[in-house]
Amino acid sequence: MTRKTKKLLAKEVVDEVVKNYDYSQTLDLPIEQLTGIDNQTPSGGIRSLSEMADFIDNFHSDNLFDFDKKKKPYPEIIDPELKFIDDLFDDQIINSLLAPDGYSAPHRNIHPYQLFRMELLKILKYPEISYRKFCTDEYFGMERKQNRRFVRLPLNTKAMVDHTELSHFKTGLHFRQVMNVFVYILHYFYKSGCLENTVIHGVDSTELPAEINYPLCTVKIKNKKIRIYSDLDCDCGKRRNKRDKSRYVIGYRLHTLTAINPSTGHSFPLVSVVAAANHHDSLFLKPLIKLAQALGIDMKLITADQAYHDKDGSLLDETGVYIVAPPSENVDIPDNVMKSPIRVTCHGACDIPMIALGSTKEGHEFGCNANPGECILDPTCSKSRIINFDKGHFQPMPSFYNTSQQAMEIRKNCERPFNLMKKREGLETTRVRSQHGVVVRSAFTTIVTLLIEMAGTRRKPKKQEDEQKELFSATG
C-alpha cells in the first residue's frame, strides 16, 4: 500500500469520526485524559519504596535456600558492569514483578526476567543496533557465553529469543509492572550511597523524536488543525532552541524528576512521564510529583525552568512541595516593591523595607520593620501587606531567598541525565511506536542509568593537580 493510498484511507476514517463525534463529552475530561497520561497515574498494585523493602526481605522467608544466589558468581561474566548487575538481581523477585496474569513457569521456555535482562543488556552494551539484529548469532551465538549467561540462556544449545518476543514483552507490560520493577532498582539505588541525606530535586523535559516525517492526513475540527500520524499517540511540538535542528519535532516529550547532590552537583534520573510533544510542560508537573510521591520519593523543594511555575500556589497546597523557577520576564513587579535587591515597602510614601512574615493561601505576608519612633506615618499605617503569588519574584518560594537562588543555580544539572540517557543509552532513537512503548523504553533506560551509576565503572578518575600550577600559586 502506497503512502498516498494510506493517506486517502486515513482521511476517510477521520472524516467519519469527526462527523459522528460528540464534542461536548471532552469539555469535562480530567487533564490526565486530555494529555494522554491517564495510564501513567498511580494505581493499585504499585509498591512504594518501603513496601518494596518489606517485599524483598520477606520474599525468601518460606524457602530454606535461594538457589540462584548459591550459583553466583558465574565465571563466564567478566565485564564488571554485567557482573555487578548479575550479583544485584534476584531473578525470582523480578519474575514475580513482571509475570503476566496466569503465568505458569513449567509451560515457558523463556521467562519474563530473561526478557528483562535482554532489554537491559541491549541498552547497556548495544543501544545503536535494532532489535532484529540484536536477536541473532552475532550477539547470542554459542560462542557469546557472557551474553548468554547474563540473560540465562543455556550454554550447550543454540536456543535463541526472537525479536518479536521482545517486542511482545514490552507491549504486554502493564504500567504497574514497569513501576514495580523500577522501584525494585530504586530501592537498591537509595541504599548504594550515591545520594546523600540531603538532595535537591529537579524537573526538566526533553524531546524524543519519532521516525515520522509527514502526517498521514490533516483535518480541521472547529477551526483547529488536527494532524494524524502513523503513530497515533505522538504529535508535533516546538523543540528547545537547537542551532543544528529544526524548530519543530514530531514525537514525544519526556518529563523527568531528578535528584541532585548539592555537594557534588551529580544528578540522577528518578521517575518520568511521557506525553505527546505538543503539550505545554506545566501540565505534567503535578502528575509527575504525585507519581513520585506514590513511589515513596520524599520531596520538599523542586527546582525547574520557567515552564513549570506554580503561579497560584495550588500545587503547593495539593502536594506540599515548593517549586523554585527563574522569575518570568513577563510579570510586572508589584507596586511599592524596589528591585535589585528586592525590597518591599508598605505604600508609596514609605521607604522602610518590610520583613517577610510567611505565606498564607492569599500570598506572601510582610510586616513593618520600623523601630519605635522611626516612621512618621506610624499612627495611620496598616504596618502589613500581602502580595499575591505570581510567576515572577513572588512565587510560593520567593526567588530572592538564598535557598531559592542556590536551587536555581544548580538547576542546569538536571540536563545531564538526558544527555546520558539519549546519547549513551540510546534513548534518542527509541525504535518503538506508541506512547506505551516509549514509556516502557524510557523506564528501562532510567534503570540502566541508575545501575551504571551504582556500578561506578564509568566515572572519570580525578585529574591530578598540575605541579606547575601549584608552583605559580605558591610564588604568586
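# Notebook: strands, cavities and odd angles

I began with strand E5, residues 248-260, where 12 of the 13 residues are buried, so I noted the strand as mostly covered. I am working from a predicted model. I kept that in mind for each entry below.

**Entry 1: the partners of E5**

Which strands pair with E5? I looked up E1, E4 and E6 in turn. Strand E1, residues 200-209, pairs with E5 in the antiparallel sense, over 10 bridges. I picked out one residue pair here: Leu208 has Tyr252 of E5 as its bridge partner.

Next came strand E4, residues 235-238. E4 and E5 run antiparallel and are joined by four bridges. In this pairing, Gly237 has Val249 of E5 as its bridge partner.

Then I turned to E6. Nine bridges join E5 to E6, and these strands run antiparallel. Here I met Tyr252 again, with Ala276 of E6 as its bridge partner. So my notes on Tyr252 now hold two partners: Leu208 and Ala276.

I also checked the turn. E5 and E6 form a hairpin with six residues between the strands. Gly265 in this hairpin takes a positive phi near 85 degrees.

**Entry 2: the whole chain**

I stepped back for an overview. I found 18 helices and 13 strands in the protein chain. The chain has 476 residues, and 47% of them are buried. I then looked at contacts between residues at least 6 apart in sequence. Of these, 65% join residues at least 24 apart. The exposed area of the chain is about 25600 Å², and carbon and sulfur atoms supply 50% of that area.

**Entry 3: cavities**

How many cavities of 30 Å³ or more are there? I noted two.

The largest cavity has a volume of about 80 Å³. I listed its lining: Phe175, Met179, Phe182, Leu270, Val271, Ser272, Val439, Ser442, Ala443 and Thr446. Which elements supply at least two lining residues each? They are helix H12 (175-191), strand E6 (267-276) and helix H17 (435-455). H17 gives the most, with four residues. I sorted the lining by type and got seven nonpolar residues, three polar and no charged. E6 turns up twice in my notes: it pairs with E5, and it helps to line this cavity.

The second largest cavity has a volume of about 30 Å³. Its lining is Cys346, Cys350, Ile352, Pro353, Met354, Cys368 and Asn369. By type, I wrote down six nonpolar residues, one polar and no charged.

**Entry 4: Val440**

I stayed with helix H17 and picked Val440, which sits in it. Is Val440 buried or exposed? Its relative accessible area is 0%, so Val440 counts as buried. I then asked what touches it. Leaving out neighbours within four places in sequence, Val440 is in contact with Lys170, Leu173 and Val178.

I checked one distance as well. His174 and Val440 are 266 residues apart in sequence. In space, their C-alpha atoms are 9.1 Å apart.

**Entry 5: two positive phi angles**

I reminded myself of the background first. Most residues other than glycine have a negative phi. Then I looked up two residues that go the other way.

Arg152 is not a glycine, yet its phi is positive, at about 65 degrees. Where does Arg152 lie? I found it in the loop between helix H10 (145-150) and helix H11 (163-172). Its relative accessible area is 13%, and the cut-off for buried is under 20%, so Arg152 counts as buried.

Ser434 is not a glycine either, and its phi is positive at about 90 degrees. This residue is found in the loop between helix H16 (415-424) and H17. With 24% relative accessibility, Ser434 counts as partly exposed, because that class lies between 20% and 50%.

**Entry 6: a strand with two faces**

Last, I looked at strand E13, residues 384-387. Which residues are on its covered face? They are Arg385 and Ile387. The uncovered face holds Ser384 and Ile386.

E13 has a partner in strand E12, residues 364-367. The two pair in the antiparallel sense over four bridges. I noted one position across this pairing: Phe366 stands opposite Arg385. Arg385 is thus in my notes for both the covered face and the pairing with E12.

Key: Residues are numbered from 1 along each chain as its sequence is written. This is a predicted model: local features need pLDDT of at least 70, side-chain atom pairs count only at pLDDT 80 or more; totals for chains, interfaces and linings use all residues. Side-chain values use heavy atoms; hydrogens and water are left out. On a 1 Å grid over the protein atoms alone, a cavity is a set of points where a 1.4 Å probe fits but cannot get out, and a pocket is an open set with protein on both sides within 12 Å along at least five of seven lines; lining residues have an atom within 4 Å of a point. Grid points are joined across faces, edges and corners, and a volume is the space filled by probe spheres set on the points. Ala, Val, Leu, Ile, Met, Phe, Trp, Tyr, Cys and Pro count as nonpolar, Asp, Glu, Lys and Arg as charged, and the others, Gly among them, as polar. Buried means under 20% relative accessible area, exposed over 50%, partly exposed in between (1.4 Å probe, protein chains only). Contact means heavy atoms within 4.5 Å. Accessible areas come from the Shrake-Rupley method with a 1.4 Å probe; for residues, only the protein chains shown count as cover. Two strands pair if DSSP finds at least two bridges between them.
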